[in-house]
Amino acid sequence: MSGVVSARLPREMVKLIEEIAREEKIDKSTVVERALEHYMREWRLNKAVESYRDGLITLSRAAEIAGVSIWEMIDVLVQKKVTLQYSVEDLEEDLRALEQG
């Protein structure tokens with residue numbers, strides 16, 4: 001299912017979208033869609049890191065929010081110098097998540 005979203009963009013941004021579309025041989029809506037996908041992926045990852053850092057969610061929940069594996073989430077947390085908070089309860093939750101799928 002798709003929808004339509006309209007946005008007013010600065011002229012320079014429109015020119016860059018057009019340039020990318022020409023060079024990549026894709027339409028402008030694909031350029032915008034890919035840019036939004038990238039932004040939303042980064043937003044989810046940052047939201048997961050912040051929530052984990054604040055102790056609001058577990059490691060497995062952070063990975064789920066970010067859309068990455070637990071191992072990838074650990075790598076991201078290490079890169080961002082976030083202290084890992086891993087308890088027995090977290091291990092049990094992660095084991096249950098692995099069993100499910």
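In this predicted model, helix 1 is followed by K25, whose phi is positive, near 60°; helices here are DSSP runs of H or I with at least four residues, numbered from the N terminus. Because a helix is expected to span 1.5 Å times one less than its number of residues, the 14 residues of helix 1 (residues 11–24) should span 20 Å, and its end C-alpha atoms are indeed 20 Å apart.

Residues are numbered from 1 along each chain as its sequence is written. The model is predicted, with local features needing pLDDT of at least 70, side-chain atom pairs counting only at pLDDT 80 or more, and totals for chains, interfaces and linings using all residues, while side-chain values use heavy atoms, without hydrogens and water.

The largest pocket holds about 500 Å³ of space, and among its 17 lining residues L9, S29, V32, E33 and L36 are the closest to its centre. Helix 1 and helix 2 (28–53) are the elements that each give two or more residues to this lining, and helix 2 gives the most, with seven residues. A pocket is an open set of points on a 1 Å grid over the protein atoms alone, where a 1.4 Å probe fits, with protein on both sides within 12 Å along at least five of seven lines, and lining residues have an atom within 4 Å of a point.

The second largest pocket has a volume of about 170 Å³, and of its 14 lining residues, S69, I70, W71, D94 and L98 are the closest to its centre.

| Pocket | Nonpolar | Polar | Charged |
|---|---|---|---|
| Largest | 13 residues | three residues | one residue |
| Second largest | 10 residues | two residues | two residues |

Here Ala, Val, Leu, Ile, Met, Phe, Trp, Tyr, Cys and Pro count as nonpolar, Asp, Glu, Lys and Arg as charged, and the others, Gly among them, as polar.

Note on methods: Points joined across faces, edges and corners; volume = space filled by probe spheres on them.
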